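This report goes through one protein model, from its overall make-up to single residues. The sequence and the coordinates come before the discussion.

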Amino acid sequence: MIRASTAGWIFAAPALTVIALFFGLPVLAAFALSLTDFDIYALADLNNLRFVGFDNYLGLLQDRLFWTALGNTLYFVLVGVPLSIAVSLGAALLLHSRLGSFKPFFRTAYFAPVVTTVVAVAVIWRYLFHTRYGLVNWGLSWVGIDPIDWLGDPTWAMPTIILFAVWKNFGYNMIIFLAGLQSIPEDLYEAARIDGASAVRQFRHVTLPMLGPVLFLVSIITLSGYFQLFAEPYVMTRGGPMQSTVSVLYLMYEQGFMWWNLGNASAVAFLLFVLMIATTSALMWFARRRGAE
């Protein structure tokens, strides 16, 4: 007879094999590559490849552009993630409400941006936020506000990209929240109403606690996605103006595919990987601690 633990490993083996091949090996390869000066000359002749140890990492830590990209990425994450979760939860609550009408239509409309190509909608948003011809500035002119250079002003470029990212991605989290809301027993709300709880107190003491695991899942997914900011600044601003929208992933792209410093680009990618692992681990520790209290 096969023991239960052995049977579990046998069933998990195909998935673990896929994870090892398509996740573990690329991570190890990126780390190995980051310890070299792999560039366009090494592509032509591997004899030009040299082992440089942690020089790429030390160079990045002394590079002002890396710290600028890291600051921009953290700004995008710290503002965009809570905003995206709040908008997603708000939309899910509206769709779950008994007072809502045309729910299938709005559910589809809210989810549509998720399945739309990011490059296509980013180009449309560029025209919407155009300084002279954009629909946004045209609307602001009706209330007496002067035109704003949304994508050409360092102050407004990143907030515009955050707004675009939230609009593009909130529908995915909305579906997850909606599934979580539909799984909450109605008896809990009835008991709360009998005790005289208002709608706000029901949300605070019934909805949020019951959505705890779902909220944790959405936070992890959103954090991982927002740390990998690339397509939005690539299409909308090309990292400008004045490097105000250069993200860590965009810096990796420039190093690896514009300047062919693949060793340096791998170091950037591995530092981003470590940052994401550290942030996710901290969030998991916080969730376990809250659950133990």
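A residue is called buried here when its relative accessible area is under 20%, exposed when that area is over 50%, and partly exposed in between. Asp-37, with a relative accessibility of 18%, is therefore buried. The model is predicted, and the values below are computed from it.

**Overall make-up**

The protein contains 14 helices and 0 strands. Buried residues account for 36% of its 293 residues. Along the principal axes, the C-alpha atoms fill a box of roughly 75 × 75 × 35 Å. About 17600 Å² of the protein is exposed, and carbon and sulfur atoms supply 69% of that area. Among contacts with a separation of 6 or more, 67% join residues 24 or more positions apart.

**Annotated spans**

An unreviewed UniProt entry gives the annotation "domain: ABC transmembrane type-1" for residues 70–281. In the model this span is 74% helix and 0% strand, and its end C-alpha atoms are 19 Å apart. The unreviewed UniProt entry also places the feature "transmembrane region" at residues 7–33, 74–96, 108–128, 156–179, 211–231 and 267–287. Two of the spans named there, 108–128 and 211–231, can be set beside the domain span in a table.

| Span | Helix | Strand | Distance between end C-alpha atoms |
|---|---|---|---|
| Residues 70–281 | 74% | 0% | 19 Å |
| Residues 108–128 | 71% | 0% | 23 Å |
| Residues 211–231 | 81% | 0% | 31 Å |

Val-119 belongs to helix 6, which covers residues 118–128. With 43% relative accessibility, Val-119 counts as partly exposed. The C-alpha atom of Val-119 is 12 Å from that of Phe-164, a residue 45 places away along the chain.

**Core and surface**

Which residues touch the most other members of the largest nonpolar core? In this core of 59 residues, they are Phe-76, Phe-177, Leu-211, Tyr-226, Met-236 and Leu-251. Phe-177 has contacts beyond its neighbours within four places in sequence, including Ile-85, Leu-89, Leu-211 and Val-218. Ser-88 and Ala-92 are also among these contacts of Phe-177.

Ile-85 is also touched by Ser-219, which has Leu-283 as a further contact when residues up to four places away are not counted. Ser-219 sits in helix 11, residues 212–227. Its relative accessibility is 15%, so Ser-219 counts as buried.

On the surface, a nonpolar patch is formed by Val-18, Leu-21, Phe-22, Leu-25 and Leu-28. Together these residues have about 540 Å² of accessible area. Val-18 is part of helix 1, which covers residues 4–34. At 46% relative accessibility, Val-18 counts as partly exposed.

**Salt bridges**

How many salt bridges does the structure hold? There are 2. One of them joins the side chains of Asp-37 and Arg-50, with an N to O distance of 2.8 Å. Asp-37 is in the loop between helix 1 and helix 2 (40–44), and Arg-50 is in the loop between helix 2 and helix 3 (55–61), so this pair ties together parts that are 13 residues apart in sequence. Asp-37 is buried, whereas Arg-50, at 55% relative accessibility, counts as exposed.

Arg-193 and Glu-186 form a salt bridge as well, and their closest N and O atoms are 3.4 Å apart. Arg-193 is partly exposed at 40% relative accessible area, and Glu-186 is partly exposed at 30%.

**Backbone geometry**

Most residues other than glycine have a negative phi, and most peptide bonds are trans. Where does the model hold a cis peptide bond? The bond from Gly-240 to Pro-241 is cis, with omega near -5 degrees. Pro-241 lies in the loop between helix 12 (231–236) and helix 13 (248–258).

Arg-238 is also in the loop between helix 12 and helix 13. Although Arg-238 is not a glycine, its phi is positive, at about 55 degrees. Trp-260 is a residue other than glycine with a positive phi, near 60 degrees. Trp-260 is in the loop between helix 13 and helix 14 (262–292). With a relative accessible area of 33%, Trp-260 is partly exposed.

Conventions: Residues numbered from 1 in each chain as written. Predicted model: local features only at pLDDT ≥ 70, side-chain atom pairs only at ≥ 80, totals over all residues. Heavy atoms only, no water. Patch = residues over 30% accessible without salt bridge, like charges linked within 9 Å, V, L, I, M, F, W, Y side chains within 5 Å. Areas by Shrake-Rupley, 256 points an atom, 1.4 Å probe, with all protein chains shown as cover. Salt bridge = Lys/Arg side-chain N within 4 Å of Asp/Glu carboxyl O. Helix = DSSP H or I, 4+ residues; strand = E, 2+ residues; numbered from the N terminus. Buried < 20%, exposed > 50% of the residue type's maximum accessible area, 1.4 Å probe, protein only. UniProt positions renumbered as here; feature names shortened; annotations may be inferred. Core = buried A, V, L, I, M, F, W, Y, C linked by side-chain atoms within 4.5 Å. Contact = heavy atoms within 4.5 Å.
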